[in-house]
2 protein chains.
Amino acid sequence: MTANPKPTTAARGRPAKGLRSGRDSLLGAATAAFADLGFDSADLRSIAAAAGVSQNLIRVHFGTKAALWDACLDAIIAVSTPATEQIAALSRNASRPVFERLREAIGRAADFYAAHPEARDFITRHTLEAPERSDRLTELLLRPAYEAIRPMLEEAVARGVIHSGHPAIIFALINNAVSPPASFPALIQQIAPEIDGTQAHKRMVETFAATLLREPAATAYGVEH
Amino acid sequence: MTANPKPTTAARGRPAKGLRSGRDSLLGAATAAFADLGFDSADLRSIAAAAGVSQNLIRVHFGTKAALWDACLDAIIAVSTPATEQIAALSRNASRPVFERLREAIGRAADFYAAHPEARDFITRHTLEAPERSDRLTELLLRPAYEAIRPMLEEAVARGVIHSGHPAIIFALINNAVSPPASFPALIQQIAPEIDGTQAHKRMVETFAATLLREPAATAYGVEH
């Protein structure tokens, strides 16, 4: 089973194929291990085995375990940047009602987490890591996401679209609500079997947005805007 | 340092003191280990060491690792029952507006998690456990909590105090919002230094309740009620 550890997802026909696919496999396995066990308990031997490569490759590609964790974070930042930029663009688009733009931003953040469960679990886990890693993730990933959505949150509170609250607290509530763990559908189905599990995440996000955001009366908004 | 492992919190002057304090120490250490590492990765040797007792005592008191996990869950159910019963009593008290009763129930749930961080982390972690444990926790702990608050959630949606949503989804949103991880104050302070970290959890819960619940106009409520 492990005789040919080459991942089937490797890019075809590239000169550095072996190296590249080994590096990517290690990043994937390391992200999963750090997300599940935390930095201290994740071990490099198991990560290499899960990636189907020699443990020696970790040193070749990344150096230390700490540098491997940083590389996982960098990869997550890279995949999350388009979503963050879209949310920042919604913040700048004053031509549309903030109610609509925020609902769209919440959906975009939820779509990101749903499409990247390994990133979601790594980000969720960071709250349990030592400050040198936890602070780094907050600074490089969560702070830019907060700054991207913050103007909309401030406008929403000023207009009564969100009842009240500091934008950082509201950001934390949003981030929390749109990134439920993989087991969330099973939990919901167990306490409410009438809910379709495949729709649980979508319904959670819709319910959250519908309860957080208060649609202003169309005429009142027109006047205000 | 480990010559006298007797916990200082042991009840004084009871005949079974040594046994009792050993069992309680093991439960505390096991709850922390299962919460941090998950069932599979937590190891009995480290749990016994953290409890300051012989590993042999785990077998004496609990039998297997699975039975130890079940005993941790039983202990958490025992400390959570008063909060669940108070919330159920709020559900039955039709003489007060549901807006007030729900706000109080959310505060009560938040107080429980703040007072029992080890229970909070164990419950949060359960979503990553195998179904034989995850389903058990949901059935014995989360389902009773859901049933306790459900009548209020249904009434709140019917009255427009909560905009919309299935009560199980709203329950999940509430449970999520009132149980942020221990690092939450540090995260908030990093992105918003103007917020007092010691107030972060309180402000999160207040903001969540204020955004979720829509206060009906006093007169309208009087008519409806």
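Tutor: Let's start with one term: two residues are in contact when heavy atoms of theirs lie within 4.5 Å. Keep in mind that this is a predicted model.

Student: What covers the buried residues of H9(B)?

Tutor: The cover includes helix H7 (131–159) and helix H8 (167–177) of chain A, along with helix H10 (200–212) of chain B. As for who is being covered, the buried residues in H9 (184–191) of chain B are Phe184(B), Leu187(B), Ile188(B), Gln190(B) and Ile191(B).

Student: How do you know that those buried residues line one face of the helix?

Tutor: Look down the axis of H9(B): the buried residues fall within an arc of 160°, so they sit along one face. There's a general rule behind that kind of pattern: an α-helix has 3.6 residues a turn, so residues three or four places apart point the same way.

Student: Chain A keeps turning up. How much area do chain A and chain B bury between them?

Tutor: About 4,000 Å², with 62% of it on carbon and sulfur atoms. On the chain A side, Ile169(A), Gln190(A) and Ile191(A) lose the most area to chain B, together 18% of what that side buries. Each chain puts residues into the contact: 46 from chain A and 46 from chain B.

Student: What makes Arg125(B) and Asp36(A) a salt bridge?

Tutor: Their side chains come to 3.2 Å, N to O, and the cut-off is 4 Å, so the pair qualifies. Across the interface of the two chains the rule finds two salt bridges, and 18 residue pairs there are in polar contact.

Student: Which elements give two or more residues to the side of chain A that touches chain B?

Tutor: Helix H1 (17–37), H7, H8, helix H9 (184–191) and helix H10 (200–212) of chain A. Sorted by class, that side has 25 nonpolar, 13 polar and eight charged residues.

Student: Now inside a chain. Why is Arg101(A) called buried while Glu155(A) is called partly exposed?

Tutor: Buried means under 20% relative accessible area, and partly exposed runs from there up to 50%. Arg101(A) has 0%, so it is buried; Glu155(A) has 23%, so it lands in the middle class. The two side chains meet in a salt bridge at 3.1 Å, N to O. The pair links distant parts of the chain, with Arg101(A) in helix H5 (98–115) and Glu155(A) in helix H7 of chain A, 54 residues apart.

Student: What makes Glu132(A) count as exposed?

Tutor: Exposed needs over 50%, and Glu132(A) has 51%, so it passes. Its salt-bridge partner is Arg133(A), with the closest N and O atoms 3.3 Å apart. Arg133(A) has a relative accessible area of 8%, so that one is buried.

Student: How do you know that Glu104(B) and Arg96(B) form a salt bridge?

Tutor: Their side chains meet at 2.8 Å, N to O, and that is within the 4 Å cut-off. Glu104(B) at 39% and Arg96(B) at 23% are each partly exposed. Over in chain A, salt bridges that share partners join Arg96(A), Glu100(A) and Glu104(A) into one network. Over all chains the count comes to 24 salt bridges.

Student: Why is His126(B) called buried?

Tutor: Its relative accessible area is 3%, and the limit is 20%, so the label fits. His126(B) sits in the loop between helix H6 (117–125) and helix H7 (131–159) of chain B. Beyond its sequence neighbours within four places, His126(B) is in contact with Leu187(A), Ser134(B), Leu137(B), Thr138(B) and Leu142(B).

Student: What makes His126(B) and Thr138(B) a polar contact?

Tutor: The side chains come to 3.3 Å, and the limit for N or O atoms is 3.5 Å, so the distance fits.

Student: And Asn175(B): why is that residue called buried?

Tutor: Asn175(B), in helix H8 of chain B, has a relative accessible area of 19%. That is under 20%, so buried is the right word. Its side chain makes a polar contact with the side chain of Tyr113(B) at 2.6 Å.

Student: Which residues does Ala172(B) contact, leaving aside neighbours within four places in sequence?

Tutor: Phe184(A), Ile188(A) and Met204(A). Ala172(B) also lies in helix H8 of chain B, and at 10% relative accessible area this residue is buried.

How values were computed:
Residues are numbered from 1 along each chain as its sequence is written. Chains are lettered from A and ligands numbered from 1 in the order in which they are written. This is a predicted model: local features need pLDDT of at least 70, side-chain atom pairs count only at pLDDT 80 or more; totals for chains, interfaces and linings use all residues. Side-chain values use heavy atoms; hydrogens and water are left out. Buried means under 20% relative accessible area, exposed over 50%, partly exposed in between (1.4 Å probe, protein chains only). Helices (H or I, at least four residues) and strands (E, at least two) are DSSP runs, numbered from the N terminus. The arc is that of the directions from the helix axis to the C-beta atoms. A polar contact is a pair of N or O atoms within 3.5 Å; within protein, one must be able to donate a hydrogen and the other to accept it, and residues adjacent in sequence count only if both atoms are side-chain atoms. Buried area is the accessible area (1.4 Å probe) that two parts lose on being put together, summed over both. Ala, Val, Leu, Ile, Met, Phe, Trp, Tyr, Cys and Pro count as nonpolar, Asp, Glu, Lys and Arg as charged, and the others, Gly among them, as polar.
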